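Visitor: Could you walk me through this one? I'd like to ask as we go.

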Amino acid sequence: MKEFKGSQNYVASEELLRAANIAMVLEKPLLIKGEPGTGKTMLAEAIAQALGKNLIIWNIKSTTKAQDGLYVYDVVQRLYDSQFGGQGVDDIEKYVRLGKLGEAFTAEEQVILLIDEIDKADLEFPNDLLWELDRMEFHIPETGRTVKASHRPVVIITSNAEKELPDAFLRRCVFHYIEFPDKELMADIVRVHYPDIQEKLLTQVLEAFYKIRSLPQIKKKPSTSEIIDWIQALQHGGVDVGRIVKEVPYLGVLLKKNEDIDMLRRTWR
Amino acid sequence: MFEDFLYLLRSRGLKVSLTEWMALVQALHENLHQASFTGFYHLCRCLLVKSEADFDAFDRAFLDYFQEVDFQQEVSQELLNWLDRPNAPMGEYDEQQAELNESLSTLEIETMFQERKNEQREQHNCGNYWVGTHGMSIFGNMGLSPVGIRVGGQSQSRRAFRVAGERRYRDFRHDNTLDIRQLQVALRRLRQFSGLVDLPPSEFDVDSTIQDTANSAGLLKVRYKKPRQNTVKVLLLMDSGGSMEHYAQLCSALFQAVTRAGYFKELKIFYFHNCPYTRLYRDPTLNPNNAVPVSWLLSNLTPEYKLIFVGDAQMSPHEIFDPFPSPREGEPASGVDCLRRLRERYRHAVWLNPSDRPEWGGEWTESYDAIEGLFPMYPLTVEGIETGMKKLLAR
C-alpha cells in the first residue's frame with residue numbers, strides 16, 4: 001500500500017496525513033471538515049497526484065440527488081429516437097449514462113473519488129449513498145445490470161458543516177477536521193506558492209494577516225486563498241515592506257465585506 | 001483491552017457505536033497508530049469522533065481514562081523557569097535513546113517523572129535524563145524524544161501525549177453561543193414541508209410526466225405533485241431593554257438569522273419589556289404609537305403559528321403576578337394571565353433564554369420558575385435552539 005506523505009504543492013499537517021492513510025488502509029471514506037479556504041478540495045488533488053492515480057470530482061449542488069451520481073437513464077432521448085426511427089432504440093443500455101460514482105466504480109484502475117461539499121445537497125442525500133459507498137456497487141433496474149467496483153476507489157468527502165450529516169453516514173467515515181493553519185504552517189504554505197518570496201515580506205504579511213484574523217469584530221475572516229492573492233497583489237504593486245503592517249495596502253483582497261473594511265480602517269492603529 | 005474507554009465515551013455523550021469500535025480494533029491490528037501514543041490518540045479521534053464539536057468532550061474523556069494528573073500545576077515554578085528557554089540551540093538527536101524512549105510505557109514514563117521531580121535540584125538541558133529542554137529526555141520541552149511528557153514551554157513537535165490536555169477544541173462545543181450562520185443552520189430545523197401536510201397535488205411534475213409518457217410509448221400522461229415548501233409560520237416575541245441589554249448582540253444575531261433566512265411561510269416579530277401585558281410593540285424601542293393589543297394577536301393569528309419567546313425571564317414577581325388596575329373586558333388581567341393565554345392559543349411554543357436560572361434573589365427565581373412552568377425553556381445556544389425547534393415540530 002502506498003502511503004501519502006504530502007506533495008510538492010500541498011502542505012499537510014501530520015494529523016491530516018495520518019487520517020488520510022488510516023482511511024486508505026481501512027477502505028473507509030475520509031470525511032474532511034474545516035473552515036472555508038483551508039484546502040479541503042486541494043487535498044484530494046494532492047493525494048491523487050502523490051499516488052499517481054486519476055481523480056474524479058463529483059461537485060455537489062443543492063439540487064444534486066444521489067441517483068445522479070450513479071447513473072441517468074435518458075428517457076427523453078430514447079423517446080426522440082423511437083419517434084424518428086433511430087437505430088438501436090430497443091437497446092436500453094445505450095441510454096444509461098453512468099454518473100461520477102459509476103465512473104469511479106467502472107474505472108480500469110483504482111481512482112480517487114472526491115465528493116465535494118456534500119453538505120450542499122438535501123438532508124437525505126448522504127443516507128441515499130450509504131449502501132453504494134459501503135458495498136461499492138449498485139444495481140440498474142432498467143437493464144438488470146449490477147455495477148460493481150473492481151478496484152475500490154479512495155473516497156474523499158468534504159463538508160463545510162452547513163448541514164449536519166446523518167449518524168449512520170458518519171459512522172462509516174474516518175473524520176478529520178482541518179484547523180486553520182498556525183503561523184509556521186502558513187509560512188510553509190506560502191513558500192509552496194511563492195518559492196522565492198523575501199523572508200522580510202513574509203513575516204510582515206503574516207503578522208498583519210494574523211492580526212486581522214484575531215480581531216473579534218471581523219465578520220468574514222480572511223483565509224488561505226486570500227493571503228495568497230494578497231501576496232501576489234503586494235508583489236505586483238511593489239509595495240514597500242515597511243508599509244504592510246502599518247497601512248495594510250490592497251485591503252480589498254483580504255476582506256470581502258464593506259463593513260469589515262470600514263471597521264478595520266477605523267480601528268487599525 | 002480497554003473496552004471501558006468505549007463506555008466512558010458513551011457515558012460522556014459521544015455516540016460511539018460498535019462499527020466504529022471494530023474499525024479502531026482493526027486499525028490497531030494493522031498498526032496504523034505506528035506504535036506511538038500520539039498516533040493512538042489521533043487514530044482514536046478520527047475513527048471515534050465525527051464532529052469537531054465533540055473533540056473537546058473526547059479530549060477530556062481521553063485524558064481522564066489514560067491519564068489523570070495535570071502536570072502544569074504540580075511542578076514547581078523554579079522548574080518551569082529553568083524550562084523557559086525557547087530559543088536555545090537544539091541538542092543532538094540520539095537514535096538509540098529514541099528507541100529506548102519509545103519502548104517505555106506510559107506508566108513507566110509517569111513513574112520516572114515523579115522520581116525526577118523529587119531528585120532534580122538544578123537546570124539540565126540537552127540531555128537524556130533530567131527534565132530539560134532541547135534534548136533526548138522524555139521530560140521537558142522543545143525536545144527530540146519521540147515520546148514523553150511536555151513540561152512548560154511551547155509545543156514544538158507536538159509529540160507528547162499531553163496535547164490532549166490543552167483542550168484546543170473548547171471553542172467548537174455545541175453549548176457555545178453562536179454567530180448568525182450557525183443560528184441559521186439551527187433554525188433550518190424548523191421546517192415542515194407541505195409534502196407532509198395534506199394538500200392537493202397542484203404543481204406540474206416534469207420528471208414524472210416525462211417518465212410516465214415515455215413508459216407508455218409517447219402517449220402524453222400529465223402528472224402533478226404536491227408543492228414542496230416550508231409551511232411553518234413563526235411568531236417571534238422578544239424581550240427588549242433592561243436586563244436584556246447584556247444579550248443585545250446575541251439577540252440581534254438571532255433576529256438577523258430569522259429574518260434573513262426568508263425561510264418561513266410567515267414571520268411576525270413583536271417586542272415587549274420583561275413580560276407582555278396588554279400590548280406588544282412592533283419595534284424594539286417599544287414605541288407606544290406602534291403597538292398592537294395582545295387580544296388582537298390572539299384573535300387574528302391562527303394557532304398554527306409556532307410561538308418563540310426570547311427573554312431572560314428575570315423580573316421582580318410583582319411585574320408578572322400583580323393584577324392590572326382596571327382590565328378591559330376580554331383582555332388579560334395580569335402578566336402571567338397574558339402568558340397563559342398565549343400558551344393556550346399557540347400549542348407549539350418554546351422560550352429561548354440567553355441566561356441561566358438566577359442563583360441569587362429569591363424573588364427573581366420565582367418569576368423565572370413561573371415562566372418555565374408555562375413554557376418549555378431552552379438556552380439560547382445552538383444546541384438549545386435545535387432541541388427547541390424539535391419541540392416546536394413535535395405534534
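**A helix to begin with**

Guide: Helix 11 of chain A (residues 224-237) has 14 residues, which at 1.5 Å a residue should span 20 Å, and its end C-alpha atoms are 20 Å apart, so the two agree. The expected span is 1.5 Å times one less than the number of residues. Helices here are DSSP runs of H or I with at least four residues, strands are runs of E with at least two, and both are numbered from the N terminus.

Visitor: Is this a predicted model, and how are things numbered?

Guide: It is a predicted model, where local features need pLDDT of at least 70, side-chain atom pairs count only at pLDDT 80 or more, and totals for chains, interfaces and linings use all residues. Residues are numbered from 1 along each chain as its sequence is written, while chains are lettered from A and ligands numbered from 1 in the order in which they are written.

Visitor: Back to the helix, then. Which residues of helix 11 of chain A are buried?

Guide: T224(A), I227(A), W230(A), I231(A) and L234(A) are. Because they cover an arc of only 115 degrees around the axis, they sit on the same side of helix 11 of chain A. That arc is taken from the directions from the helix axis to the C-beta atoms. Buried means 20 or more other C-beta atoms within 10 Å of the residue's own, exposed means 12 or fewer, and partly exposed is in between, with C-beta atoms placed from the backbone.

Visitor: What do the buried ones pack against?

Guide: Helix 9 (183-193), helix 10 (199-214), helix 12 (243-247) and helix 13 (251-254) of chain A. H236(A) and G237(A) are exposed on the other side of helix 11 of chain A. Just after that helix, G238(A) takes a positive phi of about 60 degrees.

Visitor: New topic: how do strand 6 and strand 7 of chain A pair?

Guide: Strand 6 (residues 137-140) and strand 7 (residues 145-148) of chain A are antiparallel, over 4 bridges. Pairing requires that DSSP finds at least two bridges between the strands. H139(A) has T146(A) in strand 7 of chain A as its bridge partner. The hairpin has 4 residues between the strands, and G144(A) in it takes a positive phi near 75 degrees.

Visitor: And V147(A), is it buried or exposed?

Guide: In between: V147(A) has 19 other C-beta atoms within 10 Å, so it counts as partly exposed. V147(A) belongs to strand 7 of chain A. Beyond its neighbours within four places in sequence, its contacts include G102(A), F105(A) and T106(A). A contact means two C-beta atoms, placed from the backbone, within 7 Å.

Visitor: OK, what about the side of chain B that touches chain A?

Guide: 22 residues of chain B are in contact with 23 residues of chain A. Helix 2 (18-29), helix 3 (37-48) and helix 10 (206-215) of chain B each supply at least two residues of that side of chain B. The predictor gives the complex an ipTM of 0.73 and a pTM of 0.58.

Visitor: What pLDDT does chain B average?

Guide: Chain B averages 74, with 66% of the residues at 70 or above; pLDDT is the predictor's confidence in each residue, from 0 to 100. Among the elements of chain B, helix 5 (residues 71-74) has the lowest mean, 41, and strand 11 (residues 349-353) the highest, 90.
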